[in-house]
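Me: I am new to this structure and should like to learn how to read it. Could the explanation proceed feature by feature?

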Amino acid sequence: MDIKTFLANCTLALAESGASSPRLDCELFLTRLLAIDRVHFFSHPEHEITDEQAAAFERLVVRRKGGEPVSYIIGEKEFWSLRFAVTPAVLIPRPETECLLEEALRLYPPPGEGLSICDIGTGSGIIAVVLAKELPLARIVATDISALALSVARKNAALHGVSGRVEFRQSDVFGDIAGDFDLICSNPPYITDAGYERLPDGIRKFEPRGALAAGADGLDIYRRIIGEAENHLKKGGRLFFEIGEEQRNPVTALLLEAGVYTDIRCRSDYGGMDRVLSARKV
Ligand SMILES: C[S@@+](CC[C@H](N)C(=O)[O-])C[C@H]1O[C@@H](n2cnc3c(N)ncnc32)[C@H](O)[C@@H]1O
């Protein structure tokens with residue numbers, strides 16, 4: 001069968017299962033499976049697919065019909081215009097997290113000479129890897145409590161040629177981290193336990209709970225980072241957090257209560273939601 005007809009049939013089958021973007025999903029699967037780009041795909045609709053390729057493709061569609069996110073099925077996600085490997089051990093990178101990087105790079109522009117940076121809860125490594133690429137003279141430590149997540153992050157650092165400048169450490173917040181930093185960045189888990197139960201199935205069933213939920217008020221990890229960061233930030237150093245909906249005030253209150261942070265700034269994402277909170281250590 002030619003790819004045009006095959007794609008139309010599969011899109012229909014996926015649409016019937018209730019997938020929200022069946023055509024796009026099928027295009028992604030097919031371009032990955034056949035190792036062709038979209039231009040080739042559209043300019044050669046007559047391209048015949050083999051029975052073997054059709055069977056492999058159908059296995060991907062069955063996984064998608066079961067609600068598995070496309071990024072886990074194809075094993076990657078684009079972020080900051082770069083491709084990152086993802087597995088079910090890590091949160092799938094969200095576009096909002098680019099705002100944290102934009103804000104950090106606005107205040108600490110390249111090349112980052114002499115800067116030391118710590119990324120807490122690195123997951124797939126997106127924050128650490130992008131900072132390593134954008135700030136070629138900075139030194140970066142990336143941590144996660146999950147050894148499996150760290151192995152994905154290491155792979156991504158290698159993929160983007162920054163392994164030599166990012167040190168990966170398994171650590172519960174700052175438990176196994178020595179030294180102090182100019183910047184501490186984190187997109188920690190920040191969903192309340194009750195909010196977690198209301199997340200769509202596609203997230204709850206497939207993404208790691210430990211990357212999402214953070215206690216009754218969703219502030220458990222912020223509380224710990226804010227408390228411990230004061231011993232790991234240099235004087236004048238800055239803390240950057242991604243925050244969730246309605247967390248600007250409670251996280252600001254935690255920063256103020258700590259008594260060592262000033263110049264607290266909030267930045268919205270492109271949907272107008274408060275998304276990044278940063279503060280300077282006095
Ligand atoms: C929301 S995900 C963020 C992942 C990645 N930084 C991103 O922005 O896509 C939070 C990450 O924090 C990690 N984490 C959760 N609790 C932690 C803890 N106590 N100490 C260190 N990392 C933790 C999770 O394993 C997960 O990888």
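Me: Which polar side-chain atom lies 2.8 Å from a nitrogen atom of the ligand?

Reply: A polar contact is a pair of N or O atoms within 3.5 Å; within protein, one must be able to donate a hydrogen and the other to accept it, and residues adjacent in sequence count only if both atoms are side-chain atoms. Here the side-chain atom belongs to Asp 172. Backbone N or O atoms also approach nitrogen atoms of the ligand: one of Val 173 at 2.8 Å and one of Ile 145 at 3.2 Å. The protein covers 94% of the 600 Å² of accessible area that the ligand has on its own, by the Shrake-Rupley method with a 1.4 Å probe.

Me: On what basis should these values be read?

Reply: The model is predicted: local features need pLDDT of at least 70, side-chain atom pairs count only at pLDDT 80 or more, and totals for chains, interfaces and linings use all residues. Residues are numbered from 1 along each chain as its sequence is written, and side-chain values use heavy atoms, with hydrogens and water left out.

Me: How many residues surround the ligand?

Reply: A residue counts as near a molecule if one of its heavy atoms lies within 4 Å of it. The ligand has 18 such residues around it, and Gly 121, Asp 144, Asp 172, Val 173 and Asn 187 are the closest.

Me: Where is the cis peptide bond, and which residues does it join?

Reply: Most peptide bonds are trans, and most residues other than glycine have a negative phi. In this model, a cis bond with omega of about 10° joins Pro 110 and Pro 111. Pro 111 is in the loop between α6 (97-107) and β3 (116-120); helices (H or I, at least four residues) and strands (E, at least two) are DSSP runs, numbered from the N terminus.

Me: What is the phi of Ser 81?

Reply: Ser 81, although not a glycine, has a positive phi of about 60°. Ser 81 belongs to the loop between β1 (76-79) and β2 (82-85).
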